[in-house]
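Biologist: I'm new to this one, so could you take me through a single part of it slowly? I'd like to see how its pieces fit together.

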Amino acid sequence: MALPDSFLQELKLKTDIEDIVSSYVTLKKRGSTYVGLCPFHNEKTPSFTVYPETQSFYCFGCSSGGDAVGFIKRIENLDYIDAVKLLAQRAGMQMPEDGVDDSLGKKRRVILEINREMARFYHNYMMSDEGKAGLNYFKARGLTAKTITKFGLGYAPNSWDRLLKHLKEKGFSISDMLAAGAISRSQKGSYFDFFRNRVMFPIIDIRGNVIAFSGRAIDSSESRRYMNSIDTLVYKKTNEVFGLNIAKDSGSASLILCEGNMDVIAMNQAGFTNCVAGCGTALTNEQVRLISRYANEVILCYDNDPAGRKALDKAIRLFNQTDIKIRIPNLSGGKDPDEIIKNVGAERFRAMLESSSNEIEYAILNLRADFDLNTIQGKNDFLNEVIKLLASASPIEQDLYISKLCEELQVDKASAKAQLSQFSKRSKYNSQRRQRQNELSERIRRERKESFELSSTPKKIKAEDRLLGLLMKYPSCIKHLDGFNADCLSTGFVRKVYDITVRLINDSVPTDLIQYSELLTDSELGRLSGIIARSSDSLNPDGEFKDCLKAITEEFNSVKNESGVDLNNNDAFLNALNKLGNNNNNT
């Protein structure tokens, strides 16, 4: 292993997974475990579970799983070593200097160094006589020198290789520049600057690292108005949010989400420091989950045009799959926040934000336009649609809205509440049933896939999973492996985990999940976490373990004898399984 076992064990002792996860996910205690909404996929019913006893987590909805290192690795988009470093720093531990394979971490750090140098270059160029075009653009947009400096804004020269030459002088290689997305390669093999003749917006993560750039064309003849950095080791645009590095320190429990970088910057200058924007053209699930970690409430401040309203509807759907509250302001005086602030001033804009509607009020307001409330049929249809909206609201919200609307429309409140109660129960039942069906379908699909791809029968897969679970939980079971042919195990994941576990036990190292984090992929770690999550205690671990060995050996020999093929030949084995399956169907 790259990291000493003693260091990993100390890190495990000083790291509490519940404490780590709860800073990202709202957890509720359920028996000896904790549950919450999964941060790695959208869900309304919690299926994400934290196990303090094994210091692991597992989601029964999307099969994500692992230990504290694996969680930080995924949630913060870090490699293994950087995730360990973050947890070690949190625990007050010093990273070991010898024997650490930090090649990926070094590549990430080089890219971050290039990005930082690019930000300096673009800003300094804009502040020079040659870069006045960029500075004039920002001044024309009403930005002050203080705001320009605060956001590190800059300008990319209208040149093919000005940045390339600068980075060469700083000692960076062509391969590193390509990896950072600073330059591109033509079909003829020549290299050129990726951004040219554009005002530049550095994208900075919550740790203060420049991770990417967004460039806006100032030449109206340019076909692409915006260009964003390519995805790199340090940046994936679907995961990042512009301005969060500043907004998280605003002291506000709410965030204002708008469409563009200029909206964020203009709003900051006007005193609204808690505003952010998604990176890329459309809001993503990953960006919603990131925002949800830093706010209890989000004000959706989208452009006041058809495209903005379409984006707003999508944002509402995405945030409704989280436990974060949303509000929608009724904007007027311009098409976007930047223009509105210029036209009516910051105070009028603040009043619009403070009078924002929640998503229910916003939806009811929009519904009104679709029905003729002067007719009995119009009132009936309108209330039926409102009841659908209120099904997921709190009892107090339901009572308030029903009371107000029934009084306004002169409808009996008791009848409306009875209909709402019936619909709410039916809606909740259907939602839970759909989630259970989806989880069951996913489990069946996964087991079938493993059955064929891993050259195993369903019975053998269950026996192997139980064997691994028992071996990790009761290491003394290793004594029963004498005479067992490990070649009977499925190749790939099962054999890999088996070999690691046997080695750990023989080396007298605890079989904790943290020992597997560096050696398994995210999907493998998720599968192992699922095995651990489903591995109940055993009243007779030795007997169960021997039964698993027997079942695995018998299944292996049974298929081998009936097929007459080499089980290590995957194609031949799959054909044999298909043949056996057809024979069983015929009988």
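Biologist: Let's look closely at the sheet around strand 16: which residue in strand 16 does valine 298 stand opposite?

Modeller: Sure, and keep in mind that this is a predicted model. Valine 298 faces isoleucine 326 across the pairing, with isoleucine 326 sitting in strand 16. That match belongs to strand 15 (residues 297-301) and strand 16 (residues 325-328), which are joined in the parallel sense over 3 bridges. Now for what packs on the sheet. Helix 15 (residues 346-354) lies against it, touching strand 13, strand 15 and strand 16. If you follow the direction of helix 15, you'll find it makes about 125° with that of strand 15.

Now zoom out to the whole sheet. It's an open one made of 6 strands, and reading across you get the order 12-14-13-15-16-17, with mixed pairing. At the edges are strand 12 (241-242) and strand 17 (357-358); each has a single partner strand, so one side of each has no neighbour in the sheet. Helix 11 (residues 261-269) packs on the sheet too, and its contacts are with strand 12, strand 13 (254-258) and strand 14 (275-278). Set the direction of helix 11 beside that of strand 14 and the angle is about 175°.

So, back where you started: valine 298 has isoleucine 326 opposite, strand 15 and strand 16 run parallel, and helix 15 touches both of those strands as well as strand 13.

Conventions:
Residues numbered from 1 in each chain as written. Predicted model: local features only at pLDDT ≥ 70, side-chain atom pairs only at ≥ 80, totals over all residues. Heavy atoms only, no water. Pairing = 2+ DSSP bridges. Helix = DSSP H or I, 4+ residues; strand = E, 2+ residues; numbered from the N terminus. Contact = heavy atoms within 4.5 Å. Axes fitted to C-alpha atoms, helices over the stretch in contact; angles between N-to-C directions.
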